[in-house]
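Colleague: I would love a close look at one part of this model, taken slowly and with the numbers included. Could you walk me through it?

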Amino acid sequence: MGEMVLEAIRGINWLNYALAVIIAFPTGALWYAVLFMKPWMRIFHATMPNQMKFGPWFRSFMIQLVTSMMLALLVFILAAFSPWLAFYGMLTISAWQVCEMTFKVSTVKDFFMGMLIEPGYTLVACGIFLLMSQL
């Protein structure tokens, strides 16, 4: 089994992988900063500081980048076996986010909006990764 995974990793088109991560990143910025900023901040009790300090912002940026790279790699590896397997993995991760969200929100309305925002973006990003893995 390990040899099959190594073979899948060797077969990755690394240019498509890098492009997928690069495309997903501004998509996330658009998703959270433009489309859903106000409801996301309200639902998850987030605040924007008056002055963005470079250190915390940069750490957050780097964590998001590394996480995106890890998720993209997972989708690319699974897609090497079957695009449907990668799709199932995407749904599983999103379902886990939905379960986790039940502890973070207090109303049904916020739950459904949060479900659109958090797992919704995960599906969009993973969709980008899956599409790029197939090119």
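Which residues do ring pairs link into a cluster? Please start there and then follow the part outwards.

Modeller: Happy to, with the reminder that this is a predicted model. The cluster joined by ring pairs consists of Trp-31, Tyr-32, Phe-36, Trp-40, Phe-44 and Tyr-121. Across the structure, the count of aromatic pairs comes to 10. One of these brings Tyr-32 together with Trp-40: the ring centres lie 5.8 Å apart and the planes stand at 75°, an edge-to-face arrangement. From Trp-40 we can step on to Phe-44, where the centres are 6.2 Å apart. The planes of Trp-40 and Phe-44 meet at 50°, and since edge-to-face needs over 60 and stacked needs under 30 degrees, this pair is tilted.

Now for how these three rings sit with respect to the surface. Tyr-32 has a relative accessibility of 23%, so it is classed as partly exposed. Trp-40, at 26%, is likewise partly exposed. Phe-44 comes out at 19% and therefore counts as buried, because the limit for that class is under 20%.

Let me stay with Tyr-32 for a moment, as it leads us to the helices. This residue belongs to helix H2. Leaving aside residues up to four places away in sequence, Tyr-32 touches Met-37, Trp-40, Ile-117, Glu-118 and Tyr-121. Three of those names, Ile-117, Glu-118 and Tyr-121, appear again on the H6 side of the contact between H2 and H6. Phe-61 offers another reference point: it is 29 residues from Tyr-32 along the chain, with 13 Å between their C-alpha atoms.

That takes us to the helix pair itself. H2 spans residues 14-35 and H6 spans residues 108-133; their axes come within 9 Å and cross at roughly 155°. An angle over 145 degrees counts as roughly antiparallel, so that is how H2 runs relative to H6. The crossing of H2 past H6 is right-handed. On the H2 side, the residues in contact include Leu-19, Ile-23, Phe-25, Trp-31 and Tyr-32. They meet an H6 set with Leu-116, Tyr-121, Val-124, Ile-128 and Phe-129 among them. Sorted by class, the contact of H2 with H6 holds 16 nonpolar, four polar and one charged residues. Trp-31, Tyr-32 and Tyr-121 take part in this helix contact and are also members of the ring cluster we began with.

Definitions and conventions: Residues numbered from 1 in each chain as written. Predicted model: local features only at pLDDT ≥ 70, side-chain atom pairs only at ≥ 80, totals over all residues. Heavy atoms only, no water. Phe/Tyr/Trp six-rings, centres within 6.5 Å; stacked < 30°, edge-to-face > 60°. Buried < 20%, exposed > 50% of the residue type's maximum accessible area, 1.4 Å probe, protein only. Axes fitted to C-alpha atoms, helices over the stretch in contact; angles between N-to-C directions. Helix = DSSP H or I, 4+ residues; strand = E, 2+ residues; numbered from the N terminus. Parallel < 35°, antiparallel > 145°, perpendicular 65-115°, else oblique. Left-handed = near helix turned anticlockwise from the far one by under 90°. Contact = heavy atoms within 4.5 Å. Nonpolar A, V, L, I, M, F, W, Y, C, P; charged D, E, K, R; others polar.
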